[in-house]
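Got your viewer open? Let's go for a walk, one selection at a time.

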Amino acid sequence: METRCPFLKEERMAFCKAFPIKKMLPLDRLYLKDSLCLRGDYTQCPTYREKKGDMVSGKRVCPFLEVESVIYCEVYPIKKMIPASCYKLECPCTTEAYIDCPAYQKIAQGDIPPAAEAVRVRGFLLDDTVYYHKGHIWLQRVDGKLRLGLDDFGQWLLGEIKEVVLPNRGGKIISGRPLLKFRCAQGTAEISSPLNGIVVGINEGLREDSSLINIDPYGQGWLLEVRPAKGELARLNQEEFLYGSNARSWLEKEVDRLHYILQTEIGVTMGDGGNLSRNLQEVMAPRQWGLLIKTFLERKEG
Amino acid sequence: MVLNYFQRKKERSKYIYILLIGDVEKLVNIGEVEKNLKKEFGFPTKILNSEINPEDSYDPMRNQYHSTKILKEMLDNLPSDALRMIGIIPLDLFIPILTFVFGEAQLGGKVGIVSLARLRQEFYGLPPNQSLLQRRLIKEINHELGHTFGLVHCSVRECVMSVANSIADVDSKGVSFCNSCRELLNRNRKELFNAI
Ligand SMILES: [Zn+2]
Ligand SMILES: [Zn+2]
């Protein structure tokens, strides 16, 4: 028997050391919101300025950002976070006594209401505030411009990104034509542009550290900013782009599509169970990897 | 009784086989499974004790059994009167891209399999609960057979064809098909019935 409750979960929470109240946010969420704390311009943050004045820090993330591990019960109706460091060893959750816990026993009856909204769709992070192109590029409006990045599913497929080749600032990009290249452990992927426009900004941080795309695809790992050509913004509401609940169901279907593509000896099978293996490369031949990249990321128009 | 050619042909493959791989009958009530299959799919059933050796599909690194390999063996040994075959196995299954599977099935094919390992309360350190295990098993069998009849995953959370990534997902979904899945199932079943 397990000596620790299987529903005891650990999560990384972030908070601001300079702010008078300790307000904790899941680190994942901070990434999703493209929080100032994680960007180079955290020096613009009023709390930072108040503490540090105009002094410049060489760090890429805010020096006042603190990350702490907390422990909570996944099934208890109220999510109560306890710092991992304060957790007592004789707590029922960490001993065999978890069996008698009422929250745990509810599972025993098998009556669980359908899960509430989740930021994860079949194991992948989905940012509800961006548009998705079907080639797994996300787009977000930022003062008249569009910021583009690779979604979580896309970065998972690529695996370890060693280098990204971005277009030049001021360059013209054309829908369906090559936009950028990812050099990865398994090979190179060439991604087409989802729209027409002019490149007005690129993420310089990726030159030093392209793993930001893997770590924080919707935040620090953004790719470039584009001034869209006339009429392009209106296209965001068309079929090729997805938003909100449409994006959710599309992502769910993309995961199923993986099973279609990864045909087995006995044709297409559907496997039902746990999460996708974190390290796709380890279970897949380079040829299969190439096929997946072609199917999901290098898709041509239509 | 002498059957005419058409009847004989129809007779040929109309059973849904329940294949027991290992000591399944000790763990679950197969009679109930049969009753459910007749009700949901409308085909007669047959029970078969498997001669498949799961050890051929064992992965020592993962300490789990590769379910696609077992499906392949089921397919290689499919009885001629089997319309579909659903395997039940007490062992923990996996496919390479997933950390584990409750089950796997050919999409629009003949065979599917369900593992009892993670449907049992004992897996989570809980006291056994027979009726819950039975309910979970029937959900998973309906789901996997649904795949063999060409159904894909459904976004209706109550529908048995909705995705389950954890045991809580299995518990929160219903035993049966939503209206649109049911409709598709009936259409595909009818085509099959006309074909045999
Ligand atoms: Zn399924
Ligand atoms: Zn359905």
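Start with A:Asn214: leaving aside its neighbours within four places in sequence, which residues is A:Asn214 in contact with? Select them now: A:Gln155, A:Gly159, A:Glu160 and A:Ile161, where contact means heavy atoms within 4.5 Å. A:Asn214 itself sits in helix α6 (residues 212–215) of chain A. Helices (H or I, at least four residues) and strands (E, at least two) are DSSP runs, numbered from the N terminus. Now add A:Ser277, which is 63 residues from A:Asn214 in sequence and 15 Å from it in space, C-alpha to C-alpha.

Some ground rules before the next stop. This is a predicted model, where local features need pLDDT of at least 70, side-chain atom pairs count only at pLDDT 80 or more, and totals for chains, interfaces and linings use all residues. Residues are numbered from 1 along each chain as its sequence is written, chains are lettered from A and ligands numbered from 1 in the order in which they are written, and side-chain values use heavy atoms, with hydrogens and water left out.

**Chain A as a whole**

Show chain A as a cartoon and you have 10 helices and 17 strands to look at. Buried residues make up 47% of its 302 residues; buried means under 20% relative accessible area, exposed over 50%, and partly exposed in between (1.4 Å probe, protein chains only). Among contacts in chain A between residues at least 6 apart in sequence, 64% join residues at least 24 apart.

**The nonpolar cores**

Next, select A:Leu158, A:Phe182, A:Leu223 and B:Met74. Of the 74 residues in the largest nonpolar core, these touch the most other members. Helix α8 (residues 244–261) of chain A gives this core its largest share, 5 residues. Another core, of 39 residues, lies apart from it, and includes B:Ile18, B:Ile30, B:Ile141 and B:Cys154. A core here is a set of buried Ala, Val, Leu, Ile, Met, Phe, Trp, Tyr and Cys residues joined through side-chain atoms within 4.5 Å.

Zoom in on A:Phe182. Not counting residues up to four places away in sequence, A:Phe182 touches a list of residues that includes A:Leu150, A:Leu158, A:Ile161, A:Val164, A:Ile213 and A:Leu223.

**Where the chains meet**

Colour the two chains separately. Here 39 residues of chain B are in contact with 34 residues of chain A. About 3,100 Å² is buried between them, with carbon and sulfur atoms giving 58%; that is the accessible area (1.4 Å probe) that two parts lose on being put together, summed over both.

Now pick the zinc ion (ligand 1). Its protein donors come from both chains: A:Asp272 (OD, listed twice), B:His143 (NE2), B:His147 (NE2) and B:His153 (NE2), 1.9 to 2.6 Å away. Donors are N, O and S atoms within 2.8 Å of the metal (3.2 Å for Na, K and Ca); water is not among the atoms, so sites may look incomplete. B:His147 and B:His153 are both buried.

The count of salt bridges between the chains is 2. Try the pair B:Arg157 and A:Glu252, whose closest N and O atoms are 2.9 Å apart. A salt bridge is a side-chain nitrogen of Lys or Arg within 4 Å of a carboxyl oxygen of Asp or Glu.

**More salt bridges**

Over all chains, a search of the whole structure finds 20 salt bridges. Select A:Glu225 and A:Arg147, with closest N and O atoms 2.9 Å apart. A:Glu225 lies in strand β15 (residues 224–228) and A:Arg147 in strand β9 (residues 145–150), so this pair ties together parts of chain A that are 78 residues apart in sequence. Both A:Glu225 and A:Arg147 are buried.

In chain B, go to B:Asp81 and B:Lys46, where the closest N and O atoms are 2.6 Å apart. B:Asp81 is buried, with a relative accessible area of 14%, while B:Lys46 is partly exposed at 29%.

**Two backbone oddities**

Most residues other than glycine have a negative phi. Which sign does phi take at A:His136? Positive, near 70°. A:His136 is in the loop between β7 (131–133) and β8 (137–142) of chain A, and counts as buried at 0% relative accessibility.

Last stop: B:Asn63, with a positive phi of about 55°. Find B:Asn63 in the loop between β3 (58–59) and β4 (64–66) of chain B; B:Asn63 is exposed, with a relative accessible area of 52%.
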